Amino acid sequence: MKTRAHEHGAAGAGARARRAVRVVRRARPITPARVLLGALALEQIAYGRAAAPRPPAETRGVVLLMLAASAAEALEARGPRGALALAAAGATGFGAELAGVATGVPFGRYAYSDRLGPRVRGVPLLAAAGWAVLARPAWVVAGRISDRRALRVPLAAGALTAWDVFLDPRMAREGYWTWPDGGAYEGVPATNFAGWLATGLAAFAFVAAADGARPQERDDGALALYVWTWAGETIANAALWRRPAVAAAGAPAMGAFAIAALLKRFR
């Protein structure tokens, strides 16, 4: 009896040890992308708590840190294809901005100030970084919801446009760009969101050609960035920045995509 008990105990201990080894093996290593994403989260918390209007240098720093984190995450998760997709989205968005500032199409009439740094034909170079940064999380979120390309491209464009429901009112309010004719939503016209949707459709058609693979576990960093932005912007607008209308509009807009993607990811 003692022998059996001893053997049973040894077997149980061995099983527990094997499970512990499997957990250790599954533990994700610390990588440059994860370090940058963590640094970005901390920087965004500090940025959100600072009194508005924040210095332009701080805003530019956040954008550049987001670009570094997104580029590192895309390279780690997808390799050269991920980097190509990021570049395609940035280039498409920048081209749309050049057309928008020059002609008013597709976003409506608007103009950038000099607060985002050097400009080309009135468009800051950082605008390309902004489109690249936002596109990668939106693409992964859409891929979690549906892996059919015919649906994924418009879903990604929608997820991208939903993000701008938070972004545009804040940036316009702090003087990074202006809408001379105003608009019904926090001074932003409906044409802006139609332009984001149209530009997103074009950008994600290129992204799909560069890297149309279905999201895997290694793409969770981009998913986390979208979900983090949704939660952070909702809390900041509702509790810190006293912009309840923006929180009420942006929370369901981004949340519809974030929640659907999370449910598919963890079902």
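Accessible areas here come from the Shrake-Rupley method with a 1.4 Å probe, and for residues only the protein chains shown count as cover. On that basis the chain exposes about 13,200 Å², of which carbon and sulfur atoms supply 65%. This is a predicted model, in which local features need pLDDT of at least 70 and side-chain atom pairs count only at pLDDT 80 or more, while totals for chains, interfaces and linings use all residues. Residues are numbered from 1 along each chain as its sequence is written, and side-chain values use heavy atoms, with hydrogens and water left out.

## Overall build

The chain holds nine helices and four strands, where helices (H or I, at least four residues) and strands (E, at least two) are DSSP runs numbered from the N terminus. Their order along the sequence is α-α-α-α-β-β-β-α-α-β-α-α-α. Of the 267 residues, 47% count as buried; buried means under 20% relative accessible area, exposed means over 50%, and partly exposed lies in between (1.4 Å probe, protein chains only). Among contacts with a separation of 6 or more, 76% come from residues 24 or more positions apart, a contact being heavy atoms within 4.5 Å.

## The nonpolar core

In soluble globular proteins, nonpolar side chains tend to be buried together. A nonpolar core is here a set of buried Ala, Val, Leu, Ile, Met, Phe, Trp, Tyr and Cys residues joined through side-chain atoms within 4.5 Å. The largest such core has 65 residues, and Trp177, Phe204 and Tyr226 touch the most other members. Helices that each supply at least two residues of this core include H2, helix H3 (56-78), helix H4 (80-103) and helix H5 (126-145), and H5 gives the most, with 13 residues. Leaving aside neighbours within four places in sequence, tyrosine 226 is in contact with Pro137, Ala138, Val141, Ala159, Ala162, Trp163, Met254, Phe257 and Ala258.

## A surface patch

Leu42, Ile45 and Trp228 make a nonpolar surface patch of about 300 Å². Such patches are made of residues with over 30% relative accessible area and no salt bridge, with like charges joined within 9 Å and nonpolar side chains (Val, Leu, Ile, Met, Phe, Trp, Tyr) within 5 Å; a salt bridge is a side-chain nitrogen of Lys or Arg within 4 Å of a carboxyl oxygen of Asp or Glu. Isoleucine 45 has its place in helix H2 (residues 32-49), and because its relative accessible area is 41%, isoleucine 45 counts as partly exposed.

## Residues in the loops

Serine 146 is placed in the loop between H5 and H6 and counts as buried because its relative accessibility is 11%. The side chain of serine 146 reaches the backbone nitrogen of arginine 148 at 3.3 Å. Apart from neighbours within four places in sequence, serine 146 is in contact with Leu151, Arg152 and Leu155.

Proline 106, in the loop between H4 and strand E1 (111-112), is joined to valine 105 by a cis peptide bond with omega of about 15 degrees. Two further loop residues, neither of them a glycine, have positive phi values, as tabulated here.

| Residue | Phi | Loop between | Relative accessible area |
|---|---|---|---|
| Arginine 121 | near 50 degrees | strand E2 (119-120) and strand E3 (123-124) | 75%, exposed |
| Glutamate 186 | about 50 degrees | strand E4 (177-178) and H7 | 32%, partly exposed |

Terms used. A polar contact is a pair of N or O atoms within 3.5 Å; within protein, one must be able to donate a hydrogen and the other to accept it, and residues adjacent in sequence count only if both atoms are side-chain atoms.
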